[in-house]
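Work through the exercises below with the sequence and the structure open beside you, and try each task before reading its solution.

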Amino acid sequence: MSEHVEQASEHSTEHPGYGTFIKVWVALVILTGCLVGMSLISQTYAVWGLLTLTPLKAGLVFYFFMHLRYEGPLFKVVVLVTLGTLLIFFALLFSDVAFR
Amino acid sequence: MSGHVHRDDFGSRLGMWLFLVTEMVLFGGLFIAYSYMRYRYPAEFHHGGSELNVTLGVINTLVLLTSSLTVVLAIVAVQRAEKQRAIAFLGTTLVLGLTFLVIKSFEWGAKFHHGLYPSSPHLATLPPGEQVFFGLYFTMTGLHGLHVIAGISVLSVMLWWVATDRIRSDRYIHLENGGLYWHLVDVIWIFLLPLFYLAA
């Protein structure tokens, strides 16, 4: 029984309420609007929107909706190592392309 | 029944995250393939992208973002033992997920109608860059669509378990993990929208 109590406190010191997530959703909708707006201006802006606003939106979903904010360091490290690995593959591919 | 069932919620979530990481690598590989092909065929990708329906793409983005919100609100409701609310939120998520699929099927249907589908005779007459564009479009949105179907199936079970009290305020790890999967499906679409509809 004591194990059960311990476990509950480990994850849920304080649960975020409805309001937090609704605010994040509003931010996500606004960012989507900005992304669409930028893509209407020009191709260059569209690519900049893709490179800046899209990771920001994904970050908000990871951090809040997927509760990474409320997790310990291990989960964050797992995600960062994965993203780092993908980035290495991306860099390797384009370094190959650049010197072909 | 006095709480002696062994449970490791932390381990369950870690396992789920490790699975999600493999999904990220799966789609990440496709994103890298896309970026190289786009670099190689910029004009063809631009032309291919201009044939996609931006309005439907943006509507589907809003649909999925909202469905992500309702899943996370369902978890809050379960934590607070607000069962009816949790059921309503999960039900809304399922409806939104199905809405996404219906819109996607209209989009694909329109492409099929114009002779654009994998290994179609019309596609073979297009320049190689556009063939690659539509190949990636169908592969990535198709694979994503399969994930949406899987997510709807998982969340349907979660809804059933909330309704039958198998998921409740002191035990909701399955709902959390199902929600994590659904959010990842949402994140993937967050990237697919600009890649295909906006910045191509």
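The model is predicted.

**Exercise 1.** Compare the span expected for helix α4 (residues 83-113) of chain B with the distance between its end C-alpha atoms, and find which of its residues are buried.

*Solution.* Begin with the length: α4(B) has 31 residues, and at 1.5 Å a residue these should span 45 Å, which agrees with the 45 Å between its end C-alpha atoms. Next, look for the buried positions, taking 20 or more other C-beta atoms within 10 Å as the cut-off; in α4(B) they are Ala86(B), Phe89(B), Leu90(B), Thr93(B), Leu96(B), Gly97(B), Phe100(B) and Lys104(B). The cover over these buried residues includes α3 (54-79) and α6 (128-163) of chain B. Finally, just after α4(B), Gly115(B) takes a positive phi of about 80 degrees.

**Exercise 2.** Describe how many residues of chain A and of chain B are in contact, and which elements of chain A take part.

*Solution.* Counting on both sides gives 38 residues of chain A in contact with 32 residues of chain B. On the chain A side, the elements that give two or more residues are α1 (2-11), α2 (18-41), α3 (43-65) and α4 (73-98). Sorted by class, this side has 26 nonpolar, 10 polar and two charged residues.

**Exercise 3.** Determine how α3(A) and helix α7 (residues 173-198) of chain B are oriented to each other.

*Solution.* The two axes come within 10 Å and cross at roughly 175 degrees; since angles over 145 degrees count as roughly antiparallel, α3(A) and α7(B) are therefore roughly antiparallel to each other. Residues making the contact include Leu50(A) and Phe62(A) of α3(A), and Val187(B) and Phe191(B) of α7(B). By class, the contact residues divide into 11 nonpolar, three polar and two charged.

Conventions:
Residues are numbered from 1 along each chain as its sequence is written. Chains are lettered from A and ligands numbered from 1 in the order in which they are written. This is a predicted model: local features need pLDDT of at least 70, side-chain atom pairs count only at pLDDT 80 or more; totals for chains, interfaces and linings use all residues. Two residues are in contact if their C-beta atoms, placed from the backbone, lie within 7 Å. Helices (H or I, at least four residues) and strands (E, at least two) are DSSP runs, numbered from the N terminus. Ala, Val, Leu, Ile, Met, Phe, Trp, Tyr, Cys and Pro count as nonpolar, Asp, Glu, Lys and Arg as charged, and the others, Gly among them, as polar. The expected span of a helix is 1.5 Å times one less than its number of residues. A residue is buried if 20 or more other C-beta atoms lie within 10 Å of its own, exposed if 12 or fewer, and partly exposed in between; C-beta atoms are placed from the backbone. Axes are lines fitted to C-alpha atoms, for helices over the stretch in contact, and angles run from 0 to 180 degrees between N-to-C directions. Angles under 35 degrees count as roughly parallel, over 145 as roughly antiparallel, 65 to 115 as roughly perpendicular and the rest as oblique.
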